[in-house]
Amino acid sequence: MNLPIYLDHHATTPVDPEVLETMLPALRGEFGNPASQSHPFGWRAQEIVDEARRTVAAFIGARSASEIIFTSGTTESNNLALKGCLEALRLKTAHVITQTTEHKSVLEPCRYLETKGFQVTYLDVDSTGRVDPGALERAIRPETAILSIMLANNEIGTLQPVEEIGRIAKKREIFFHVDAAQAAGKIPIDVNQMGIDLLSFSAHKMYGPKGVGVLYARSERPRVKLAPLFHGGGHEKGIRSGTLNVPAIAGLAKACEIAGRSMDEENRRVKSLRDRLEKALLAGLGDAFVNGHPQHRLAGNLNISFLYIEPEALMAALQQDLAVSASSACSSGIPEASYVMKALGIDGQRTHTALRFGIGRFNTAEEIDYAAERVIDAVKKLRKLSGLAPGS
Ligand SMILES: *Cc1c(COP(=O)(O)O)cnc(C)c1O
């Protein structure tokens with residue numbers, strides 16, 4: 001067993017060895033620029049990109065490879081989807097609906113759009129992190145142009161009823177954007193079945209390289225028009241100028257192919273490890289509460305609050321052994337609950353004592369058992385030290 005054990009797969013994932021093997025030729029001999037159409041170096045690069053585009057399109061059930069735009073990742077894709085779509089509509093004012101627990105790369109573009117005169121509704125979620133499709137439908141106005149709801153949350157792993165929201169979007173003729181950064185490779189995605197018009201994801205959350213991602217934009221019924229964020233050489237049909245990152249794009253496609261063939265088996269295995277960890281922690285410690293939705297949750301997510309503990313102190317005690325993450329930010333020494341935890345509306349202790357475990361492809365049962373043991377030991381010690389816990 002190698003220490004520290006990586007249990008932070010919501011932040012990023014290691015590159016799968018098969019992905020790396022796919023990328024190497026495009027970094028060595030096949031290094032051409034797909035925009036160089038006057039020699040075989042460019043032609044070969046173009047072939048690699050074309051094939052990757054077809055693989056990615058098939059992975060999300062897109063009808064045409066031309067609906068795939070390669071970007072630098074979900075942050076860029078979310079910005080392009082929201083700002084690019086509204087700018088292309090050429091409306092002076094329009095309304096956007098999203099929810100309070102979206103990633104910052106959706107919330108911040110929304111805030112920006114508000115400064116430009118657009119109106120944004122931020123829907124509340126319930127105590128498990130789910131948005132109510134009925135409330136969403138009631139929030140629709142005549143001037144609503146786009147809905148943006150994530151598939152899976154990055155802190156609590158909660159899955160949103162995307163298919164139901166997709167039906168509402170279709171019925172009311174509003175564009176539907178989905179941030180699938182945490183879901184891609186873990187939840188089967190079919191943009192047609194789910195009624196999705198715009199979909200964002202990153203390779204590095206699904207065992208691919210960093211700095212590459214996708215924006216799917218539906219080309220008919222309805223056709224989504226996008227204004228570019230960057231102006232330049234007119235790559236990606238003028239929507240995303242800049243020389244394509246060919247090795248990363250090849251790696252992204254391979255990551256999609258692997259996920260496509262191994263998702264079911266992997267989900268079962270990762271879920272059994274997650275359940276094993278959850279069971280061990282709840283059996284070994286009192287005053288521990290699992291956050292998120294009991295069923296509608298990513299298989300690898302375990303977000304758990306250990307009352308009477310500062311998550312920063314716990315992480316510090318564990319950092320030689322376990323790589324995990326807290327759902328809080330410690331500014332000026334006072335732990336501040338994350339906005340996602342606050343949005344759940346659960347009681348104070350629980351919101352700022354949350355720790356996030358993200359289990360992934362290469363974790364083993366041995367690692368999970370060791371992690372559980374270390375966490376239980378550290379929580380007990382810290383509770384004794386703090387003297388805050390009843391009976392300590
Ligand atoms: C990681 C993440 C992002 C941002 O992805 P980048 O690759 O850093 O641009 C956006 N949304 C969600 C839900 C994420 O988990």
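**Ligand shell, ring contacts and backbone features**

An oxygen atom of the ligand has a polar side-chain atom of Gln182 at a distance of 2.6 Å. The protein buries 85% of the 380 Å² that the ligand exposes when taken alone. The model described here is predicted, and the distances and angles that follow are best read with that in mind.

Two further side chains take part in polar approaches to the ligand. In Lys205, a polar side-chain atom lies 2.7 Å from an oxygen atom of the ligand. Asp179 faces a nitrogen atom instead: an N or O atom of the Asp179 side chain is 2.6 Å from that ligand atom. Which residues come nearest to the ligand? Of the 13 residues around it, these are Thr75, Asp179, Gln182, Ser202 and Lys205. Sorted by class, the shell holds nine polar residues, two charged ones and two nonpolar ones.

Attention now turns to the aromatic rings. The count of aromatic pairs comes to three. One of them is formed by Tyr207 and Phe362, with ring centres 5.9 Å apart and an angle of 90° between the planes. The pair is edge-to-face because its planes are over 60 degrees apart. It brings together distant parts of the chain, as the two residues are 155 positions apart. Tyr207 belongs to the loop between strand E7 (198–202) and strand E8 (213–217), whereas Phe362 sits in the loop between strand E15 (354–358) and helix H11 (365–386).

The two partners also fall into separate burial classes. Tyr207 has a relative accessible area of 4%, so it counts as buried. Phe362, at 41% relative accessibility, is partly exposed.

Tyr207 has more to offer the curious reader. The charged end of Arg361 sits over the ring of Tyr207, at 4.0 Å from the ring centre. The backbone of Tyr207 is notable as well, for its phi is positive, about 70°, although Tyr207 is not a glycine. A second charge over a ring is found elsewhere: the charged end of Lys83 lies over the ring of Tyr112, 4.8 Å from its centre.

Another residue with positive phi is Lys237, which is likewise not a glycine and has a value near 55°. Lys237 is placed in the loop between E8 and H7. Is Lys237 buried or exposed? With a relative accessibility of 65%, Lys237 counts as exposed, because the exposed class begins over 50%.

The loop between E8 and helix H7 (246–284) also contains Pro222. The peptide bond joining Arg221 and Pro222 is cis, with omega about -10°. A cis peptide bond is found from Leu3 to Pro4 too, and there omega is near -5°. Pro4 is located in the segment before strand E1 (5–6).

Among the contacts within the protein, Arg53 offers a clear case. Arg53 is part of helix H2, which spans residues 40–59. The side chains of Arg53 and Glu236 make a polar contact at 2.7 Å. Why does Arg53 count as buried? Its relative accessibility is 13%, and the buried class covers values under 20%.

Finally, two residues can be set beside partners that lie elsewhere in the sequence. Glu143 is located in the loop between helix H5 (133–139) and strand E5 (144–148), and with 35% relative accessibility it counts as partly exposed. From Glu143 to Gln119 the C-alpha to C-alpha distance is 9.4 Å, with their positions 24 residues apart in sequence. Lys342, for its part, lies in helix H9 (residues 339–343). Its relative accessible area of 47% makes Lys342 partly exposed. Lys342 and Ser127 are 215 residues apart in sequence, while their C-alpha atoms are 9.6 Å apart in space.

Methods:
Residues numbered from 1 in each chain as written. Predicted model: local features only at pLDDT ≥ 70, side-chain atom pairs only at ≥ 80, totals over all residues. Heavy atoms only, no water. Phe/Tyr/Trp six-rings, centres within 6.5 Å; stacked < 30°, edge-to-face > 60°. Helix = DSSP H or I, 4+ residues; strand = E, 2+ residues; numbered from the N terminus. Buried < 20%, exposed > 50% of the residue type's maximum accessible area, 1.4 Å probe, protein only. Lys NZ or Arg CZ within 6 Å of the ring centre and 35° of its normal. Near = heavy atom within 4 Å. Polar contact = N/O pair within 3.5 Å; in protein donor to acceptor, adjacent residues only side chain to side chain. Areas by Shrake-Rupley, 256 points an atom, 1.4 Å probe, with all protein chains shown as cover. Nonpolar A, V, L, I, M, F, W, Y, C, P; charged D, E, K, R; others polar.
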